Amino acid sequence: MSIRIERLRKQFNGYSAIDNVSFSVSDGEFVTLLGPSGSGKSTVLRCIAGLERPDSGGIEIDGEDVTRIPVQERKVGFVFQHYALFRHMTVLENVGFGLRVRGVKRREWEGKAKELLELVGLSGLGGRMPSQLSGGQRQRVALARALAAEPGLLLLDEPFGALDARLRRELRTWLRKLHDRIKLTTLLVTHDQDEALELSDRVLVMNRGRIEQDAKPQAIFDKPSTEFVAAFVGETNRLVGVVHNDEVQWGPLKFGSYSFSDGTRVAILFRPTDVYVSSQPEGSEVSGVIKTIQFLGATESMEIDLGKGFSITAHVPKGVAEQSGFTQGKKVYITVTRSHLFFSLGSA
Amino acid sequence: MKLLLKQKSVLPGFGPALGFTLFYLTIIVLIPISMLFLKTATLGWSSFWETVSSPRVIASFGLSFGTSFTAALINVIFGLIVAWVLVRYRFPGKKIIDMLIDLPFALPTAVAGIALTTAFSERGLLGSLLGSIGIKTAFTPLGIIIALTFIGLPFVVRAVQPVLEDLDKEMEEAAVCLGARRWQTFVHVILPILFPALMSGFAMAFARALGEYGSVVFIAGNIPMKSEITPLLIITKLEQYDYAGATAIATVMLIASFACLFIINRLQWWSHHRQEA
């Protein structure tokens, strides 16, 4: 099923949770709403499910306006962060619930529920109670339950939020594989940028009830359209400077800024991974001293002092750092390979 | 048993605490109740049986258990609604209503009895209203049920309220997303979770109603075979200095209510375990 959201608005006690949001999702697509908590992403999802009624705007599912249609008739599968499993029912009864309330016979819904448990890799656990399952298993039961009623649309509200990091990665990969197999239109809400970038066909970055950028994951990361997106998706160095002769100078660093006129105050953002660090000049005129080195696993995070109170953060692959003999106090040369400039209202 | 005794806790003193509990229960509960049995035993089996199987006593048993059960049942339904309204909605005066719930706890039962009788007697505000449509409340079992419902209301409300407050709203949302109608969500999702709390509210209201005396005697009219409750019969026997007879009736009452509470407790345990297992 496809979705079309048209100028959606919703206020809670005078506070705008969603402010003029429009977007569409085509059939079989996996789209993620990414944003910090309070950005309105969950409210959008709840409006689509019918759990929340928008103040204005329209929601179309498969070309049909569903804004006034009750939840029960929208045929959406919803998965909650805290699973929301019925704790007094067995796993099988949980999964079969959607069919049972529609009057499907016991034999039929039991068969279907077993099929779905198999699909999510939990066959044989049908007789357990939800409290006897691990967090990851519970979330897979919740997913099976949402799929059992054969929805045309799957809505996932921070589905992995309550799980630990390793399990979250595992389930992420699994969910993407499942989506590739069943091709169900899916809308995911998350505040975890890795999750959004890895899973989605398209990412909508939300902030303060508005959509900041609607693009493919690669573009969100490489060509952020606003400062918020650049800062939210991945780590950044943020500097503020004033444009002078199509150039911004910040300490020893210079950035070309052709699209801004002279005297404009701009914010410059670049990722620590977009800083090339070398012990030899290699054409770079900018040098600094390594102030601190922090081990992050596959990479080393270095704070490099550029002198006169200016310093930046760079991430260097562990192997490179070892080979070049980067240690605290060592003099290094840097080049910023990619940066993003935004009009800035804020102060330095 | 050994395992139980060895359990470590952050608070020491399991031994003295258990000792005190047993001592306390013995003084306050066990000794007085055993006196009941001892006194009853002085009667001998045949006169015991004669006392408790007399038609007037049997009728009072039927009345007491019947009205207590009905009142507790009514309280389960209305208590659930009251608790629901108090937990789920915001409205002006909510705090006052919340306080009113406890009034039957605080009021001396005789005061409650007089108040109810005034309202429900034939010339009372509600009594005359009901009388005009042919329903007689004062001096009938119906009046007794009203009084027992009054004193039992707080039990169900206070038992259900915390459980309802803890109820995960997402569970209801999950149910409607899966296509459940409102009543289906209520019957299949909410009610099973509230069931243990409803049962304990029922049990407490029922137990309280069985022993209730003060609020009932005024409105009941105490007509033998018709509106005479067992506690009143016990008092009557005591007033006639028939102590053994009074304790005989009391013993039957005690055993019967103990059995009732036991059954309710098992039901509760069973439904609780089904959820938490």
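This report walks through a predicted two-chain model, starting with chain A, moving on to the interface and ending with the salt bridges.

**Chain A on its own**

Let's begin with the overall build. Chain A carries nine helices and 20 strands, and its C-alpha atoms fill a box of roughly 75 × 45 × 35 Å along the principal axes. Of the 348 residues in chain A, 51% are buried. Look at contacts with a separation of 6 or more, and 65% of them in chain A involve residues 24 or more positions apart. As for the outside, the accessible surface of chain A comes to about 16,000 Å², with 46% of that belonging to carbon and sulfur atoms.

For a close-up, take His315(A), which sits in strand E18 (residues 310–317) of chain A. Is His315(A) buried or exposed? Its relative accessibility is 10%, and the cut-off for buried is under 20%, so His315(A) counts as buried. Setting aside neighbours within four places in sequence, the residues in contact with His315(A) are Glu235(A), Pro272(A), Thr273(A), Val275(A), Leu296(A), Glu300(A) and Ser301(A).

**Where A meets B**

On to the interface. Here 26 residues of chain A are in contact with 22 residues of chain B. Together the two chains bury about 2,300 Å², 58% of it on carbon and sulfur atoms. Which three residues supply more of the area that chain A buries against chain B than any other three? They are Gln72(A), Arg87(A) and His88(A), with 31% of that area.

There is polar pairing here too: the rule finds four residue pairs in polar contact across the interface, both partners at pLDDT 80 or more. On the chain A side, strand E6 (76–79), helix H2 (91–100) and helix H4 (135–148) each supply at least two of the residues that touch chain B. H2(A) gives the largest share, four residues. Sorted by class, this side of chain A has 13 nonpolar, six polar and seven charged residues.

Two salt bridges also turn up across the interface. One of the pairs is Glu173(B) with Arg46(A), listed in the table below.

**Salt bridges**

Side chains of opposite charge can pair when their charged atoms come close. Over all chains, the structure holds 29 salt bridges. Here are some of them, with the distance between the closest N and O atoms.

| Acidic residue | Basic residue | Closest N and O atoms |
|---|---|---|
| Glu173(B) | Arg46(A) | 2.6 Å |
| Glu60(A) | Arg4(A) | 3.5 Å |
| Glu172(B) | Arg88(B) | 2.7 Å |
| Glu212(B) | Arg208(B) | 3.1 Å |

Glu60(A) and Arg4(A) form a salt bridge that links distant parts of the chain: Glu60(A) is in strand E4 (residues 56–61), Arg4(A) is in strand E1 (residues 3–12), and they are 56 residues apart. Both are partly exposed, Glu60(A) with a relative accessible area of 26% and Arg4(A) with 42%.

Over in chain B, Glu172(B) pairs with Arg88(B). Glu172(B) lies in helix H10 (residues 169–177) and Arg88(B) in helix H4 (residues 55–88), so this pair ties together parts that are 84 residues apart in sequence. Glu172(B) counts as buried, at 15% relative accessibility.

The pair of Arg208(B) and Glu212(B) brings together a partly exposed residue and a buried one: Arg208(B) has a relative accessible area of 23%, while Glu212(B) is buried at 3% relative accessibility.

Finally, chain A has a network of salt bridges that links Arg168(A), Arg172(A), Asp192(A) and Glu198(A).

Methods
Residues are numbered from 1 along each chain as its sequence is written. Chains are lettered from A and ligands numbered from 1 in the order in which they are written. This is a predicted model: local features need pLDDT of at least 70, side-chain atom pairs count only at pLDDT 80 or more; totals for chains, interfaces and linings use all residues. Side-chain values use heavy atoms; hydrogens and water are left out. Contact means heavy atoms within 4.5 Å. Buried area is the accessible area (1.4 Å probe) that two parts lose on being put together, summed over both. A salt bridge is a side-chain nitrogen of Lys or Arg within 4 Å of a carboxyl oxygen of Asp or Glu. A polar contact is a pair of N or O atoms within 3.5 Å; within protein, one must be able to donate a hydrogen and the other to accept it, and residues adjacent in sequence count only if both atoms are side-chain atoms. Ala, Val, Leu, Ile, Met, Phe, Trp, Tyr, Cys and Pro count as nonpolar, Asp, Glu, Lys and Arg as charged, and the others, Gly among them, as polar. Buried means under 20% relative accessible area, exposed over 50%, partly exposed in between (1.4 Å probe, protein chains only). Accessible areas come from the Shrake-Rupley method with a 1.4 Å probe; for residues, only the protein chains shown count as cover.
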